Amino acid sequence: DLFGSPGKAQAARVRGAEILQHPPALVSGSNKLRQFLQARDWLALGNQLRHLGRADGAQAYLVRAATAFGELDRPSQELLALSELGRAQIETAEWALAEQTLSRFLAAQWWIPPMKRFDERTLLASVQQRLGRPKDAAATLAAVVGDDPRSGMGQAGTSGSRQHLSFATDKDAVQGELQAILLSGTQDLLGRIALEASSQGEWADAVGLSESALDIAQQRADASPGNPELQERLADAHLLTGSQFVGLGQLDRATRHLIQAVGIYDVLLEFAPTNEQASSLALALWTLGIVQSALGESDASAASFNRAVRIWGHLHDHSPELDVRQGFSAALRSLAGVHLSHGRGEDAIDCANRLIRIWQADAEHVPVDFDAQRELAFANEMLGLIYLQLGRNDEAEAPLWRSVAGWELVGGLVPGSRDEEAELGVSRFLLGVAYGKLDNLSEAIDALSQSVSEGLSMVERDP
């Protein structure tokens, strides 16, 4: 009733009345209820242990949960426990057990969402490859292609891939080519789905998928030592996995993967540097800097941010693509924060002014460049905030005024955008604070009142 489901509420009342009329059923049901609650607790405990990095200890609880749910004929919960158990076994390199568990999951006579079936098949293919059975892995991958609800390919689109794979499995002479197709394609799929999962806040799934992609990348790199293309793919996989651990909040594990990525990119850039590798190195350094800052390693984070700024700055000078400018901007913002926290106010101001210069020219283009205007408004807001924190209130007024004007322009380009409207309120609030510190009280009251009014209006539209 409280959640607005009168139909379900009435059904619950009817069922409750039936139970009250049949006390023996209540006793039997209570035993099953206790068993169900215990299985649910085992599943929850197993999940927690696994996500804390204790996959070995998680397995016993997940086995109990899967067994109990099976005895209770609760197939959906049994499959959930099997899925977690398979991942825990992969994390402890128990490949044979993982294959049994994932095969049992896929053999279940119960409807499994296509996306979930696809994910488990992809993991199974990786396990079979690890067990040294590429033909079985190829057959599993062929099913993966058909299951993939995100690939945009129907049966007609996959027929060529299926024919190629079935032909390859019949010919030992092309086994190497088959393995390359299998591993490369599976790594790409896993990486793409991991990013999809993280974009929806499903960090645990994203970590599991990215670790599977990393496992494949490591296998390929180990099989062809010194191959720069496979080393780059390995570095990419470490960067992806480290980034997902950041989202999951496991910063120590994130650090290990990010340091690995930085090390591989550094080696690659010594021999055959490319802009793409340099940009990936800068991204890895910036992400590592964020983790180091969160862990309280301020000197290390400053060094990482500085390197990222230098690399992206060099790329920007020679090829100012949008993704390079955005990366350069993110690194400068992070570096400015480090400088400010260490009392290096002038260095923080320099970072903010560099940010403004990056976007100023593009922001003056006609028609209006939305990305440039947005970034420029952010940069001015940041500069004004730095001046306020340094007590240089008279210098804060001009950039904050420009920031307010910029957010008003951006809001006009995208009416009703909550993010832009919220940032306008922040900039207007900071401008009001600056006016107040300068004893310009009437303008301070006007700016602060308008900020409050806009905030209340947003809350009314979207509590």
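**Entry 1. Helix H10**

I began with helix H10, residues 203–223, which has 21 residues and reaches 30 Å from its first C-alpha to its last. That is close to the 30 Å expected at 1.5 Å a residue. I then looked up how covered H10 is, and found 15 of its 21 residues buried, so I noted the helix as mostly covered, with buried meaning under 20% relative accessible area. I also noted that the model is predicted.

**Entry 2. The whole chain**

I looked up the secondary structure of the protein chain and found 20 helices and zero strands. The chain has 463 residues, of which 44% count as buried. I next took the contacts between residues at least 6 apart in sequence, and 59% of these join residues at least 24 apart.

**Entry 3. Aromatic pairs**

How many aromatic pairs does a search of the whole structure find? I got two. One of them is formed by Phe36 and Phe69, with 5.8 Å centre to centre and 65 degrees between the planes. I wrote this pair down as edge-to-face because the angle is over 60 degrees. Phe36 is in helix H2 (residues 23–51) and Phe69 is in helix H3 (residues 55–71). The two residues are 33 residues apart, and the pair links distant parts of the chain. I checked their exposure: Phe36 and Phe69 are both buried.

I then turned to Phe378 and Trp407, which also form an edge-to-face pair, at 5.0 Å centre to centre and 90 degrees between the planes. Phe378 belongs to helix H17 (residues 370–389), and Trp407 to helix H18 (residues 393–413). They are 29 residues apart, and this pair too links distant parts of the chain.

Are Phe378 and Trp407 buried or exposed? Phe378 has 22% relative accessibility, so I noted it as partly exposed. Trp407 has 1%, so it counts as buried.

**Entry 4. Around Phe378 and helix H17**

Which residue lies over the face of Phe378? I found Arg333 there, at 6.0 Å from the ring centre. Arg333 came up again when I looked at Glu375, since a polar contact of 3.2 Å joins the side chains of Glu375 and Arg333.

Glu375 is in helix H17. Its relative accessibility is 13%, and therefore I recorded it as buried. I listed the contacts of Glu375, leaving aside neighbours within four places in sequence, and wrote down Gln326, Ser329, Arg333 and Trp359.

I also looked at H17 as a whole. H17 has 20 residues and spans 29 Å from its first C-alpha to its last, close to the 28 Å expected at 1.5 Å a residue. Of the 20 residues in H17, 14 are buried, and I noted the helix as mostly covered. Just after H17, Gly391 takes a positive phi of about 80 degrees.

**Entry 5. Nonpolar cores**

I looked up the largest nonpolar core, which has 66 residues. Which of its residues touch the most other members? They are Tyr265, Ile311, Trp312, Leu332 and Leu400.

I followed up on Trp312. Leaving aside its neighbours within four places in sequence, Trp312 is in contact with Ser279, Ala282, Leu283, Trp286, Val324, Gly327, Phe328 and Ala331. Another core, of 27 residues, lies apart from the largest one, and among its members are Leu43, Ala55, Leu62 and Ala66.

**Entry 6. Gln59**

I found Gln59 in helix H3. Is Gln59 buried or exposed? Gln59 has a relative accessible area of 9%, so it is buried. The side chain of Gln59 makes a polar contact of 2.8 Å with the side chain of Thr92. Not counting residues up to four places away in sequence, Gln59 touches Leu85, Ala88, Gln89, Thr92 and Glu94.

**Entry 7. Thr101**

My last residue was Thr101, which lies in helix H5 (residues 95–106). Thr101 counts as buried because its relative accessibility is 7%. I listed what Thr101 touches, not counting residues up to four places away in sequence: Leu82, Leu85, Gly86 and Gln89. Leu85 and Gln89 are also on the list for Gln59. I then took the C-alpha atoms of Thr101 and Leu124, and found them separated by 9.3 Å. These two residues are 23 residues apart along the chain.

Notes: Residues are numbered from 1 along each chain as its sequence is written. This is a predicted model: local features need pLDDT of at least 70, side-chain atom pairs count only at pLDDT 80 or more; totals for chains, interfaces and linings use all residues. Side-chain values use heavy atoms; hydrogens and water are left out. Rings of Phe, Tyr and Trp (its six-membered ring) pair if their centres lie within 6.5 Å; planes under 30 degrees apart count as stacked, over 60 as edge-to-face and the rest as tilted. Helices (H or I, at least four residues) and strands (E, at least two) are DSSP runs, numbered from the N terminus. Buried means under 20% relative accessible area, exposed over 50%, partly exposed in between (1.4 Å probe, protein chains only). A charge sits over a ring if NZ of Lys or CZ of Arg is within 6 Å of the ring centre and within 35 degrees of the ring normal. Contact means heavy atoms within 4.5 Å. A nonpolar core is a set of buried Ala, Val, Leu, Ile, Met, Phe, Trp, Tyr and Cys residues joined through side-chain atoms within 4.5 Å. A polar contact is a pair of N or O atoms within 3.5 Å; within protein, one must be able to donate a hydrogen and the other to accept it, and residues adjacent in sequence count only if both atoms are side-chain atoms. The expected span of a helix is 1.5 Å times one less than its number of residues.
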